[in-house]
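Here is a short briefing for a first look. Keep the structure open beside the text as you read.

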Protein chains: 2
Amino acid sequence: MRKENRVGIADVAARAEVSVTTVSHVLSGRRPVSEKTRSKVLRVIDELGYRPDPSARGLRTGRSESVALIVTDVTNPFYPLLAAGLQEVLQPAGFLISVCAAQGTAHDLDVVVRHLLDRRIDGIVMAALNAQERHFASITAAGTALVRLSGELDPRFGDIVRADDTGGMADVVTHLLESGYRRIGLVNGTPETPPGHLRLAGYLRALRDFGLEPDESLIISEAFTRSGGARGAHALLGLDTAPEALVCGNDLMAVGALDTVREKGLTAPGDVAVTGFDDIEAAALVSPPLTTVHNPAFEIGRACARLFLDRLSGDPVDGVREVVLPQKLIVREST
Amino acid sequence: MRKENRVGIADVAARAEVSVTTVSHVLSGRRPVSEKTRSKVLRVIDELGYRPDPSARGLRTGRSESVALIVTDVTNPFYPLLAAGLQEVLQPAGFLISVCAAQGTAHDLDVVVRHLLDRRIDGIVMAALNAQERHFASITAAGTALVRLSGELDPRFGDIVRADDTGGMADVVTHLLESGYRRIGLVNGTPETPPGHLRLAGYLRALRDFGLEPDESLIISEAFTRSGGARGAHALLGLDTAPEALVCGNDLMAVGALDTVREKGLTAPGDVAVTGFDDIEAAALVSPPLTTVHNPAFEIGRACARLFLDRLSGDPVDGVREVVLPQKLIVREST
DNA sequence: CTGTTAGCGCTTTCAC
DNA sequence: GTGAAAGCGCTAACAG
């Protein structure tokens, strides 16, 4: 079983009584071939079960028909979904999707990036949180397509695909306002992070658009964690006039807020409404199920894939592009 | 930026004043090289930043230094963890890990497997639920290493790595027995599935080992879902003498059981203890956090990786192997 | 519209 | 202990 005889392009050419060149061009479509020859070659390929060898092709073309997703935290359910979106679009086009973890330091990421570039990976979705400009630069310098998931658009650093955090947060707050809530507290992650910043902006915008002036005492910054949410909720619910609703920076914080609500002998949404952000799986599992904003990981993956397809097939695209996807409000029982 | 000049083995050879053959052997260690030559070559490699081209190597050797994980459901958090375990071991060894989704029919899986074999993937972890014998057979026939995650050991179908479901379930039940619970109900998934079967066996074994005869009226089969768990709990808690504890077939069922407990105005573990299985992320997020059994996805991944390493490096291993990993009881507040 | 041919960068006989 | 040279299977000039 060690030495199976793969059928090569030469076998096909011989059997179809044409040159290997012709077979190659039937496959690639990079040169006109008479319909008669074409169909004959195709038939022989089918008969022989010929499958081109990607290594050989890659050696010639310098491409690998594969793209990689680099992540820091594999356990975050966001990334598998993004990967699924990539697959949906890229797998039918013959691409292989590799998922690479680059935990730890930026140097670990150096190693991973270099490994990928060695393999002449055609495209990279950089979802590693510790990525630096030098990583982006080395990727694009190698001629590899790059998509980032946040940051500022820069011609040297590839395309960007991201969700509309601000709009999403504005939607939740507007939903609460339209449901009659007025005193709405924000238990947010720190505004130093991109999501913290953007989500705070959405909260403020929605209130103002509704004609309300934000009350700073109702805005809390904590870690983007369950315990951070619990602490934030504790602070806000201890106020003289406690808020009627707690808008949280992400679902984990909302879970923590629910812990606090329960602990204080209150109920949600009876005594206080609670909302999350991201729509992780647990958002639907907790009690009450959380009203939240769906972070469209799958669609982000598809958008990345389409950018790759544009760049990798046909004529070179110049300039960089940014795709912003809408977030979607998911109303459940916590509001 | 189209044509960067990669440095090749010939450049190294020239600069080090040796033949390409020697450089190749310094790299592979497949032939003795004098220490002096060796260190010189190594130095030049470093100076020039030479990196072997995987496509060229693959073309010669028929191997790709990469392994794939094929899954059906990308959103199941079990698989990313398994992938992380694979990475931890295989990435340092120079392997690339690809994650492939084969949703849908067995025919989709055919396509994915064929694609992977075309690329001369070195190893496949088959985690797709719809895999059939023909898939296993075609993989091993192509000389590609295969690891499955369940089933019967068969020389034609590669190695197996799995967790000890029966032992894990026995551990939970024993934990309850030792905590003083006696009437212990089982809200299980259907015993037609491998996990359902094995977990039931663990439940029965633990009771008997403790000297108790299982009461059939306390054993319920439902779907492995939240609503299945809710239904099962409803049935058991409606009994004349309701059980003191509900052991559930997986965490989702336990979440459903908690729904029912709450709905009936009862509390866990005050009125009734509840346990899960798998230790998905949500198990720690629900209230009360679930006592459950940790399904060691990460360790399974590492075990798969080690089997690959054994088969892919050095002398051919013959025969097939099975690795059974222990499950671990996680005691939280629901018991 | 079709064919001949020169490599892509590496591993590996075979020969010294 | 070291080299020369023959391909691995394919693509893309170049040449009709």
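Two strands count as paired if DSSP finds at least two bridges between them. B:Val67, for instance, stands opposite B:Ile97 in β2(B). The model is predicted. The points below cover strand β1 of chain B, the two protein chains, the DNA strands and some local details.

**Strand β1 of chain B**

- β1(B) runs parallel to β2(B), and 6 bridges link the pair.
- β1(B) also runs parallel to strand β3 (residues 123-127) of chain B, with 5 bridges between them.
- In that second pairing, B:Ala68 stands opposite B:Ile124 of β3(B).
- β1(B), α5(B) and β2(B) form a β-α-β unit, and the unit is right-handed.
- Strand β1 of chain B spans residues 66-71, and 6 of the 6 are buried, so the strand is largely enclosed by the rest of the structure.
- In a regular strand, side chains alternate between the two faces of the sheet.
- Both faces of β1(B) are covered. B:Ser66, B:Ala68 and B:Ile70 are buried on one side. B:Val67, B:Leu69 and B:Val71 are buried on the other.

**How chains A and B meet**

- The contact draws 37 residues from chain A and 37 residues from chain B.
- On the chain B side, these elements each give at least two residues: α4, α5 (78-90), β2 (96-101), α11 (251-263) and α12 (281-285).
- The chain B side that touches chain A holds 20 nonpolar, 8 polar and 9 charged residues.
- Chain B superposes on chain A after a rotation of 180°, with 0.0 Å of shift along the axis and an RMSD of 0.1 Å.
- This is the relation of a two-fold axis.
- Both copies use the same surface: 100% of the contact residues of chain B recur in chain A.
- Within chain B, the residue closest to the rotation axis is B:Ser98, with its C-alpha at 1.9 Å.

**Around DNA strand C**

- 29 residues lie around DNA strand C. The nearest are A:Ser19, A:Pro32, B:Gly8, B:Ile9 and B:Ala56.
- α2 and α4 of chain A, together with α2 and α4 of chain B, each give two or more residues to this surface.
- Which element gives the most to the surface near DNA strand C? It is α2(B), with 6 residues.
- By class, the surface near DNA strand C has 11 nonpolar, 11 polar and 7 charged residues.

**Around DNA strand D**

- DNA strand D is surrounded by 28 residues. A:Gly8, A:Ile9, A:Ala56, B:Ser19 and B:Pro32 are the closest.
- At least two residues of the surface near DNA strand D come from each of α2 (20-28) and α4 (54-61) of chain A, and from each of α2 (20-28) and α4 (54-61) of chain B.
- The residues near DNA strand D divide into 11 nonpolar, 10 polar and 7 charged.

**A glycine in helix α5 of chain B**

- B:Gly85 sits in helix α5 of chain B.
- Is B:Gly85 buried or exposed? B:Gly85 has 23 C-beta neighbours inside 10 Å, so it counts as buried. The cut-off for buried is 20 or more.
- Beyond its neighbours within four places in sequence, B:Gly85 is in contact with B:Ala297, B:Phe298, B:Glu299, B:Ile300, B:Gly301, B:Arg302 and B:Ala305.
- B:Gly85 and B:Val125 are 40 residues apart along the chain, and 12 Å separates their C-alpha atoms.

**Backbone details**

- Most residues other than glycine have a negative phi, and most peptide bonds are trans.
- A:Ala268 and A:Pro269 are joined by a cis peptide bond, with omega about 5°. A:Pro269 lies in the loop between α11 (251-263) and β9 (273-275) of chain A.
- B:Ala268 and B:Pro269 are joined by a cis peptide bond, with omega about 0°. B:Pro269 lies in the loop between α11 and β9 (273-275) of chain B.
- B:Glu65 is not a glycine, yet its phi is positive, about 55°. B:Glu65 lies in the loop between α4 and β1 of chain B. With 19 other C-beta atoms within 10 Å, B:Glu65 is partly exposed.
- B:Asp279 is also a residue other than glycine with a positive phi, near 65°. Its place is the loop between β9 and α12 of chain B. B:Asp279 is buried, with 25 other C-beta atoms within 10 Å.

Technical notes:
Residues are numbered from 1 along each chain as its sequence is written. Chains are lettered from A and ligands numbered from 1 in the order in which they are written. This is a predicted model: local features need pLDDT of at least 70, side-chain atom pairs count only at pLDDT 80 or more; totals for chains, interfaces and linings use all residues. A residue is near a molecule or strand if its C-beta atom, placed from the backbone, lies within 6 Å of it. Helices (H or I, at least four residues) and strands (E, at least two) are DSSP runs, numbered from the N terminus. Ala, Val, Leu, Ile, Met, Phe, Trp, Tyr, Cys and Pro count as nonpolar, Asp, Glu, Lys and Arg as charged, and the others, Gly among them, as polar. Two residues are in contact if their C-beta atoms, placed from the backbone, lie within 7 Å. A residue is buried if 20 or more other C-beta atoms lie within 10 Å of its own, exposed if 12 or fewer, and partly exposed in between; C-beta atoms are placed from the backbone. A crossover is right-handed if, with the strands pointing away from the viewer, the path from the first strand over the helix to the second runs clockwise. Copies are superposed by least squares on the C-alpha atoms of residues with pLDDT of at least 70 in both.
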